[in-house]
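Reader: I'm new to this one, so please walk me through it bit by bit.

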Amino acid sequence: MAAQKVLWDAIVIGAGIQGCFTAYHLAKNRKKVLLLEQFFLPHSRGSSHGQSRIIRKAYSEEFYTQMMDECYQIWAQLEHEAGTQLHRQTGLLVLGMKENPELKTTQATLSRHGLEHKCLSSEELKQYFPNIQLTRGEVGLLDKCGGILYADKALRALQDAVRQLGGRLHDGEKVMGIKPGQPVVVDTTARSYQAKSLIITAGPWTNKLLHPLGIELPLQTLRINVCYWREKVPGSYGVSQAFPCFLGLGLAPHHVYGLPAGEYPGLMKVCCHYGNNADPEERDCPTAFSDMQDVQILCRFVSNHLPGLKPEPAIMERCMYTSTPDEHFILDHHPKYDNIVIGAGFSGHGFKLAPVVGKILYELSMKLTPSYDLAPFRISRFLGLGKAHL
């Protein structure tokens with residue numbers, strides 16, 4: 001294996017949205033950065049592919065709402081640099097029963113931050129969104145900043161930006177081993193590299209890389225069914241009809257979310273925030289019956305709440321989630337090697353937050369004071385639970 005004499009300031013493993021934004025911040029701050037990706041790009045094996053993601057400030061957790069303010073700014077900056085539209089404002093409608101605790105907390109967080117939103121009674125919901133059927137007197141909370149991120153386009157724009165800023169991206173190059181130390185040595189299928197710091201943003205492959213480094217994180221890798229549903233009347237749930245993204249809380253056994261028809265003409269994306277355990281290497285294996293339970297839940301949800309859609313999915317795709325027990329991210333140094341930084345457990349809601357996650361991982365790798373309080377994201381929160389093993 002050929003060793004490279006270059007000493008990189010940082011190596012980032014994993015060129016999904018989190019790794020790309022980390023490399024982007026490093027390159028923007030004139031650091032010599034190498035981004036490694038095991039698959040040839042573009043690919044659909046991880047969590048960052050597909051055409052669309054929701055962007056929102058509506059969170060029940062204060063710390064995410066605070067981070068989203070800067071995320072919107074960086075997304076707009078990337079859009080300007082790329083000269084292509086990466087975001088569309090549609091509004092985000094949070095649906096639930098009036099007494100739902102998460103709905104109440106989300107509304108309180110938006111109010112505290114002075115963010116534009118509107119509380120909608122059942123009668124107002126029927127008036128504004130007649131093609132949503134209410135079954136139990138549900139109410140709504142409209143986050144007016146909510147919208148769609150064009151995920152594939154954003155990832156390509158970011159990878160181009162990293163290269164333009166002087167960063168290197170090597171795809172089709174799998175990491176075979178990491179030797180901690182000063183410098184840290186990374187062996188791949190092609191050659192060996194040295195760096196002052198290493199950032200691991202490897203999604204479902206994170207624990208495979210960390211295990212030889214003496215740590216196992218409580219990460220669950222889940223296979224998600226991404227479902228698209230045909231409109232009975234084309235355009236009725238489309239962006240052009242001002243239909244918003246939505247998030248249903250407590251209306252099904254798991255949260256349900258949807259994006260207006262757009263990426264596939266005449267098809268609306270409606271999915272469960274839930275999946276089944278899966279090895280990322282076997283992501284495309286035939287689906288067991290148990291893996292279809294979420295689709296059955298969605299069929300009922302669509303039939304009950306979105307009567308203008310045909311109640312069986314027209315297209316089903318796959319995606320991976322890597323989830324932590326509390327569904328909050330891990331952004332921290334390796335407990336033993338402080339020049340190895342870990343970004344993991346994005347739990348199906350990390351894409352929109354990647355601009356700030358990348359900034360935080362850059363700051364940790366360069367030993368800078370983090371811009372945000374990282375208490376919710378530390379590995380140590382799991383140690384007392386016996387869920388992280390050192």
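Reader: Let's start with helix H8: what covers its buried residues?

Author: Some terms first: helices (H or I, at least four residues) and strands (E, at least two) are DSSP runs, numbered from the N terminus. Buried means under 20% relative accessible area, exposed over 50%, and partly exposed in between, with a 1.4 Å probe and protein chains only. Contact means heavy atoms within 4.5 Å. With that said, the cover over the buried residues of H8 includes H1, H2, strand S12 (191-200), strand S19 (330-333) and strand S20 (340-344).

Reader: What kind of model is this, and how are residues numbered?

Author: It's a predicted model: local features need pLDDT of at least 70 and side-chain atom pairs count only at pLDDT 80 or more, while totals for chains, interfaces and linings use all residues. Side-chain values use heavy atoms, leaving out hydrogens and water, and residues are numbered along each chain as its sequence is written, from 1.

Reader: Back to H8, then: how many of its residues are buried?

Author: The buried residues run through Ala354, Pro355, Val356, Val357, Gly358, Lys359, Ile360, Leu361, Tyr362, Glu363, Leu364 and Ser365. H8 is largely enclosed by the rest of the structure, because the buried count is 12 of the 12 residues.

Reader: How far apart are the end C-alpha atoms of H8?

Author: The expected span of a helix is 1.5 Å times one less than its number of residues. For the 12 residues of H8 that should give 16 Å, and the end C-alpha atoms agree, at 16 Å.

Reader: And H1: how many of its residues are buried?

Author: H1 has 12 residues and reaches 16 Å from first C-alpha to last, close to the 16 Å expected. Its buried residues include Cys20, Phe21 and Tyr24. H1 is largely enclosed by the rest of the structure, because the buried ones make up 11 of the 12 residues.

Reader: Which residues take a positive phi just after H1 and just after H8?

Author: Just after H1, the residue with a positive phi of about 60 degrees is Arg30. Just after H8, the one with a positive phi of about 60 degrees is Lys367.

Reader: Which element gives the most residues to the largest nonpolar core?

Author: A nonpolar core is a set of buried Ala, Val, Leu, Ile, Met, Phe, Trp, Tyr and Cys residues joined through side-chain atoms within 4.5 Å. The largest has 50 residues, and Phe21, Trp75 and Leu353 have the most contacts inside it. Strand S1 (2-13), helix H1 (17-28), strand S2 (33-36), helix H2 (62-82), helix H5 (151-164) and helix H8 (354-365) each supply at least two of its residues. With 8 residues, the element giving the most is H2.

Reader: How many residues does the other core have, the one with Leu213 and Phe382?

Author: This core lies apart from the largest one, and its members include Leu213, Leu217, Ile330 and Phe382. Its residue count is 28.

Reader: In the sheet of 3 strands, what is the strand order?

Author: The sheet is open, with antiparallel pairing; two strands pair if DSSP finds at least two bridges between them. Strand S3 (52-55) and strand S4 (87-89) are at the edges, each pairing on one side only. The order is S3-S8-S4.

Reader: What angle does H2 make with S3?

Author: Axes are lines fitted to C-alpha atoms, for helices over the stretch in contact, and angles run from 0 to 180 degrees between N-to-C directions. H2 packs on the sheet, touching S3, S4 and S8. Its direction and that of S3 make about 135 degrees.

Reader: Is Thr109 buried or exposed?

Author: Thr109 sits in helix H3 (residues 101-112). Residues up to four places away in sequence aside, Thr109 touches Tyr59, Ser60, Glu62 and Thr65. Its relative accessible area is 0%, so Thr109 is buried.

Reader: And Pro212, is that buried or exposed?

Author: Pro212 is in the loop between helix H6 (206-210) and strand S13 (220-230). Its relative accessibility is 65%, so Pro212 counts as exposed.

Reader: Last one: how far apart are the C-alpha atoms of Leu249 and Leu7?

Author: Leu249 lies in the loop between strand S14 (245-248) and strand S15 (256-259), and is buried at 2% relative accessible area. Leu249 and Leu7 are 242 residues apart along the chain, and their C-alpha atoms are separated by 49 Å.
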